[in-house]
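Please look through the structure below together with its sequence. The text after it goes from one part to the next.

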Amino acid sequence: IFVCAHSEDGAMGFVLNRPQRLTFPDVLLHLQLLDPDEVIRLPSAAREFQIQAGGPVETGRGFVLHSDDYLSDSSIPVSDDICLTATLDIVKAISRGEGPLKATMLLGYAGWGPGQLENEIAT
């Protein structure tokens, strides 16, 4: 689990070791950002871009955890060199080959209520 936020209100993070069978082109087709006949024209990095199960909460929502070489108005720094972006701008940039150098897309996230994570760690 990569914990992105932790406060007295709870915590949020992502499972990083659960690859999905779903592909990035599948995501683009589902979001209607790509026509089926355009898949072959995607940059190879976009065709091979990894999709992960980020956690059990809001599994239909996508997040991109990525290197800090890509920033948009909606990117949130979560460490010195890692950012989180959850808007379509990064999905479109990746599909054009203009996204971050290192990234993974996560569907869903892991969340904990106030004190829940601390109790799980203590047990």
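Leucine 33 counts as partly exposed because its relative accessibility is 32%, in a model that is predicted. The residue is found in the loop between helix H1 (24-30) and helix H2 (44-47). On the surface, Leu33 belongs to a nonpolar patch with Leu31 and Leu88, and together they have about 220 Å² of accessible area. A residue needs over 30% relative accessible area to be part of a patch, and leucine 33 has 32%.

The loop between H1 and H2 also holds glutamine 32. With a relative accessibility of 72%, glutamine 32 counts as exposed, since the cut-off for that class is over 50%. The backbone of glutamine 32 has a phi near 60 degrees, a positive value in a residue other than glycine. Most residues other than glycine have a negative phi.

A positive phi is also found in glutamate 58, where the angle is near 50 degrees and the residue is again other than glycine. Glutamate 58 lies in strand S4. It is partly exposed, at a relative accessible area of 41%. Its side chain takes part in a salt bridge with arginine 61, in which the closest N and O atoms are 3.8 Å apart. A salt bridge here requires the nitrogen to be within 4 Å of the carboxyl oxygen, so the pair of arginine 61 and glutamate 58, at 3.8 Å, qualifies. Arginine 61 is partly exposed too, with a relative accessible area of 39%.

How many salt bridges does the structure hold? There are two. Besides the pair just described, arginine 96 and glutamate 98 meet through their side chains, at 2.9 Å from N to O. Arginine 96 has 48% relative accessibility and therefore counts as partly exposed. Glutamate 98 is likewise partly exposed, at 47%.

Strand S4 has partners on which the next part turns. Strand S7 (residues 103-112) runs antiparallel to S4, and six bridges join them. Within this pairing, valine 57 stands opposite tyrosine 109 of S7, and valine 64 stands opposite methionine 105 of S7. S4 also pairs with strand S6 (residues 82-85), in the antiparallel sense and over four bridges. Valine 64 appears here again, standing opposite threonine 85 in S6.

S7 pairs with further strands. Strand S2 (residues 10-14) and S7 are antiparallel and share three bridges; methionine 12 has glycine 111 of S7 as its bridge partner. Strand S3 (residues 51-53) pairs with S7 in the parallel sense, also over three bridges. There, isoleucine 51 stands opposite methionine 105 in S7. Is S7 buried or exposed? Eight of its ten residues are buried, so the strand is largely enclosed by the rest of the structure.

The last stop is a surface patch of negative charge, where Asp68, Asp69, Asp80 and Asp81 gather. Aspartate 69 lies in the loop between strand S4 (57-67) and strand S5 (76-77). With a relative accessible area of 43%, aspartate 69 is partly exposed. That value fits the patch, because its members must have over 30% relative accessible area.

Definitions and conventions. Residues numbered from 1 in each chain as written. Predicted model: local features only at pLDDT ≥ 70, side-chain atom pairs only at ≥ 80, totals over all residues. Heavy atoms only, no water. Patch = residues over 30% accessible without salt bridge, like charges linked within 9 Å, V, L, I, M, F, W, Y side chains within 5 Å. Areas by Shrake-Rupley, 256 points an atom, 1.4 Å probe, with all protein chains shown as cover. Lys, Arg positive; Asp, Glu negative; His and termini not counted. Charge placed at Lys NZ, Arg CZ, Asp CG, Glu CD. Helix = DSSP H or I, 4+ residues; strand = E, 2+ residues; numbered from the N terminus. Buried < 20%, exposed > 50% of the residue type's maximum accessible area, 1.4 Å probe, protein only. Pairing = 2+ DSSP bridges.
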